[in-house]
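Here is a short report on packing and aromatic contacts. Keep the model open while reading.

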Amino acid sequence: GAVFEDDGFTAVSSAKIELYYGEVRVGGTTTSSTGAFTFVGLPLGIYKMVVTMPNDARIQSFIHPVTEGSNSATLRIASMATVDNYEVAKQAIVKQTGDTPAVAAYIPSNVFTELLQDLHNMGAQGGIARITLNVHTLEEDDAADDKDIIATSVAAIGNGTLAYMVDFSLKKTVDPTGAAIATVGAIHETNVPLEITMALPEHLQGRNTAYLSLWRLHHEEDESANPAPEQFARGTDRNSENYNFTEVDGVKYITIFTKKFSTYALVETIPPVVDTSDDEGQPLPVIENPSGKLNIKLLDTSDGRSYLYGDPKGMFRPNDQMTRAEVAQMFYNLLGNKNVAGTNMFTDVSSNDWYANPIKALASLGIISGYGDGTYRPNSNITRAEFMAIAQKFTQVTTSGGIVFKDVTAGAWYEQAIKNASGYGWIEGYNDGTFKPANKITRAEAATVTNKMIGRKTDKAAIDNIPNLKTFPDVTTSHWAYYQIEAATNKMK
């Protein structure tokens, strides 16, 4: 990676970088004249990097996941602050204890205002304003009273359980240049939110974050009032208190924007019982696949409904790539029961958008997920790997068989989904032995996979006997996917 000043352009040479796995220091290096640094041979995992600037007292910490293959990180260091024409170094340090997952914090300049004023009042000619965020995972016997208070409130909502508790405390240190002693104190509340990003603990990495919520129990500085737990709202607004979940390279994180430093808890809500009957209460069918009977949960595979449509001009556009919104709409069309409770989880999906209900429903069911920045990117084209990952979430069987494609990397996030799809007989790949997971899936390809997935007949006899067969000018009988497309866009017996 590389280290830059806050402008993102000025490279920092000779910066010291220390690498930690948990609280264990596993390496160190300094940046080159171009700001570059390299660590090699690291086991997969989440690491913390602490960067110390060469010419002043600035220190900043970052977290970064190390995944299969090459990884890179661009580290930007917050700029110096100026008080009455002298420079003050700002330090934002994160200290973790116990088995706390990797944590990083961004502390806005406004939070340092009080500390800088303290330096000014001391008559110092510069110095260090240091803020330390201490992070401690609360074990079973820690903070028993706080745990009981939160558990009582959680029980009131009926179906939640405490999944993880952590304590955040903020300490300020003012160390003036030329003065004999530094002043130290606690910060219970800040005037603007701090941004804290933490990897979810290992036992929550596999959970659906749609069912996780964040709670806080804040003790006032004078402890004059009995604290009451409060549930945080989801969001990405840096100027208010909220939180969101992200996923980067298969690792799930929580980002919290908060002004108060106390006990926080992640609460897991028991997922709703999913109705696997159709709208009339009839059980959804089990269909035949090459690997045996395969339960396609949630989707109605029996009534032969059409699930893809042409455009307003009457064209199907078989070679066009499918967007993420179109894929959500397609699977939503096949849901046996569309009465799914849920809330919008994505910042770029408005309730007025034509795809809002499909995306909300499938996200609530844990079928689809978004990106690390809280978006779904509905208008982005979907890759073949992403499509298979969504499709296989409707199944209840994992297969050990399947084709080994030479371009599907062992351990890749999509490996099992593609292996399952080939084991079910949904896909075969290309003649050169590849699957091309990063390629965008076309509408014709999506229809072909989905027909195989739901066991729909696509033979000539079945299609030719459909009364008032709907056809498309851009899909002739010579097209390789003609019968697949007709089966997807017509009511099948």
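In helix 3, the buried residues are Arg324, Ala325, Val327, Ala328, Met330, Phe331, Tyr332, Asn333 and Leu334. The model is a predicted one. Helix 3 spans residues 324–334, and 9 of its 11 residues are buried, so the rest of the structure largely encloses it. Its buried residues pack against three partners: helix 4 (356–364), helix 5 (384–392) and helix 7 (443–454).

**Cores**

The largest nonpolar core holds 59 residues. Phe331, Met388 and Phe394 have the most contacts inside it. Two or more residues come from each of helix 3, helix 4, helix 5, helix 6, helix 7 and helix 9 (482–489). Helix 3 contributes the most to this core, with 7 residues. Another core lies apart from it and has 26 residues, including Leu133, Ile187, Ile196 and Leu204. In soluble globular proteins, nonpolar side chains tend to be buried together.

**Helix 6**

Helix 6 covers residues 415–424; 7 of its 10 residues are buried, so it too is largely enclosed by the rest of the structure. The buried set is Ala417, Ile418, Asn420, Ala421, Ser422, Gly423 and Tyr424. Glycine 425 comes just after helix 6 and takes a positive phi of about 90 degrees.

**Aromatic pairs**

The whole structure contains 13 aromatic pairs. Two of them are tabulated here.

| Pair | Centre distance | Plane angle | Geometry |
|---|---|---|---|
| Tryptophan 354 and tyrosine 355 | 5.0 Å | 75 degrees | edge-to-face |
| Tyrosine 424 and tryptophan 426 | 4.7 Å | 55 degrees | tilted |

The angle decides the label. Planes over 60 degrees apart count as edge-to-face, so the 75 degrees between tryptophan 354 and tyrosine 355 qualifies. Burial splits this pair. Tryptophan 354 is exposed, at 53% relative accessible area. Tyrosine 355 is buried, at 7%. In the tilted pair, tyrosine 424 and tryptophan 426 are both buried. Elsewhere, Phe168, Phe232 and Tyr264 make up one aromatic cluster.

**Charges over rings**

Arginine 324 places its charged end over the ring of tyrosine 376, 4.2 Å from the ring centre. This arginine is among the buried residues of helix 3. Arginine 384 lies over the face of phenylalanine 435, also at 4.2 Å from the ring centre.

**A strand residue**

Methionine 198 sits in strand 13, which runs over residues 189–199. Is methionine 198 buried or exposed? Its relative accessible area is 3%, so it counts as buried. Alanine 105 is 93 residues away from methionine 198 along the chain, with 8.6 Å between the two C-alpha atoms.

Methods
Residues are numbered from 1 along each chain as its sequence is written. This is a predicted model: local features need pLDDT of at least 70, side-chain atom pairs count only at pLDDT 80 or more; totals for chains, interfaces and linings use all residues. Side-chain values use heavy atoms; hydrogens and water are left out. Buried means under 20% relative accessible area, exposed over 50%, partly exposed in between (1.4 Å probe, protein chains only). Helices (H or I, at least four residues) and strands (E, at least two) are DSSP runs, numbered from the N terminus. Contact means heavy atoms within 4.5 Å. A nonpolar core is a set of buried Ala, Val, Leu, Ile, Met, Phe, Trp, Tyr and Cys residues joined through side-chain atoms within 4.5 Å. Rings of Phe, Tyr and Trp (its six-membered ring) pair if their centres lie within 6.5 Å; planes under 30 degrees apart count as stacked, over 60 as edge-to-face and the rest as tilted. A charge sits over a ring if NZ of Lys or CZ of Arg is within 6 Å of the ring centre and within 35 degrees of the ring normal.
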